[in-house]
Amino acid sequence: MTLPDLDDLIAEVDRRCDTAHRPGGQEQPDWLALLTVAAQLAGQMQALADDLVEDYVEHCRMHGSSWTDIGAALGVTRQAVQQRFHAPHKRYGPETMTDDLRQAMTHVKQAAVHHRNNYIGTEHLLWGLTAVDNSATRLLQAAGISPGAVHQSVGTRLSMGASQAAERIAWTPYSRKAIAIAEARSEQSDSDRIDCDDLLIGLAQVGRGVAADVLTEAGFDPAALDAAPADA
């Protein structure tokens with residue numbers, strides 16, 4: 001993968017902010033509008049970079065690396081790396097999920113293990129959610145979207161890894177955000193357990209990651225369907 005250079009990024013700012021340029025080129029462009037877009041793009045890149053580092057920090061911790069070793073790898077002190085990454089992530093056990101979601105999670109884990117991935121990404125979650133009939137597949141059907149087509153589409157994006165330690169698999173930052181959204185949605189509906197449709201909407205609302213891309217391409221709009229009953 002070739003990383004963008006400064007010229008690429010400037011071109012992307014220009015593309016995103018074409019309204020800032022005056023027709024005919026007789027006046028100066030709206031530099032403040034361009035600066036706003038540049039800052040937004042930089043923020044998105046920084047958030048992506050932070051997610052990348054956080055994902056590997058979590059894997060290092062899972063496989064026994066000390067905070068001192070992780071700090072040395074990042075070029076900072078142990079105290080600095082602990083302050084940045086030490087906040088524990090909430091764990092979602094089977095007791096927090098409906099029977100259908102627990103069943104879907106078995107397919108999620110199988111997908112990661114089969115592809116020798118040492119992480120649970122949004123692609124694994126969407127693949128598991130669409131493996132069997134549940135409230136997520138019914139929500140897709142209510143939107144006029146084939147769950148089978150979504151399942152097949154995300155399946156083509158599952159990449160083969162080289163992990164031999166599939167018994168300990170970390171959730172990626174996007175996956176954790178998706179289930180946190182799902183939990184909040186279930187609480188809003190006065191449910192004490194997260195269901196498949198909650199997680200489906202969480203994956204879509206994260207807005208980033210393989211699952212969000214697949215759902216967007218399929219035409220899934222969580223804002224339009226959030227109030228629709230799963231059994232519709």
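## Pocket, helices and cysteines at a glance

Let's start with the make-up of one pocket wall: the lining of the second largest pocket splits into nine nonpolar, five polar and four charged residues. Keep in mind that this is a predicted model. The rest of this briefing covers that pocket, then helix H3, then Ile181 in helix H9, and finally the cysteines.

**The second largest pocket**

- The second largest pocket holds about 480 Å³ of space.
- Its lining comes to 18 residues, and those nearest the centre are Leu48, Leu52, Asp55, Thr172 and Tyr174.
- Three helices each put at least two residues into the lining: H2 (31-62), H6 (122-129) and H9 (173-188).
- Which helix gives the largest share of the lining? That's H2, with seven residues.

**Helix H3, inside and out**

- H3 covers residues 67-74, and its buried residues are Trp67, Ile70 and Gly71.
- Look down the axis of H3 and those buried residues sit within an arc of 100°, so they line one face of the helix.
- That fits a general pattern: an α-helix has 3.6 residues a turn, so residues three or four places apart point the same way.
- Flip to the face turned away from the buried side of H3 and you find Ala72 and Ala73, which are exposed.
- Just past the end of H3 comes Gly75, which takes a positive phi of about 75°.

**Ile181 and its partners**

- Ile181 belongs to helix H9, a helix that also supplies at least two residues of the lining of the second largest pocket.
- Is Ile181 buried or partly exposed? Its relative accessible area is 26%, and buried means under 20%, so Ile181 counts as partly exposed.
- Setting aside neighbours within four places in sequence, Ile181 makes contact with Gly202, Gln205 and Val206.
- One of these partners, Gln205, is 24 residues away along the chain, yet its C-alpha atom and that of Ile181 are separated by 7.9 Å.

**Cysteines**

- How many disulfides are there? The count is zero, going by a rule that asks for a pair of cysteine sulfur atoms within 2.5 Å.
- As a reminder, a disulfide is a covalent bond between the sulfur atoms of two cysteines.
- Cys60 has 32% relative accessibility, so it counts as partly exposed.
- Cys196, on the other hand, is buried, because its relative accessible area is 0%.

Methods
Residues are numbered from 1 along each chain as its sequence is written. This is a predicted model: local features need pLDDT of at least 70, side-chain atom pairs count only at pLDDT 80 or more; totals for chains, interfaces and linings use all residues. Side-chain values use heavy atoms; hydrogens and water are left out. On a 1 Å grid over the protein atoms alone, a cavity is a set of points where a 1.4 Å probe fits but cannot get out, and a pocket is an open set with protein on both sides within 12 Å along at least five of seven lines; lining residues have an atom within 4 Å of a point. Grid points are joined across faces, edges and corners, and a volume is the space filled by probe spheres set on the points. Helices (H or I, at least four residues) and strands (E, at least two) are DSSP runs, numbered from the N terminus. Ala, Val, Leu, Ile, Met, Phe, Trp, Tyr, Cys and Pro count as nonpolar, Asp, Glu, Lys and Arg as charged, and the others, Gly among them, as polar. Buried means under 20% relative accessible area, exposed over 50%, partly exposed in between (1.4 Å probe, protein chains only). The arc is that of the directions from the helix axis to the C-beta atoms. Contact means heavy atoms within 4.5 Å.
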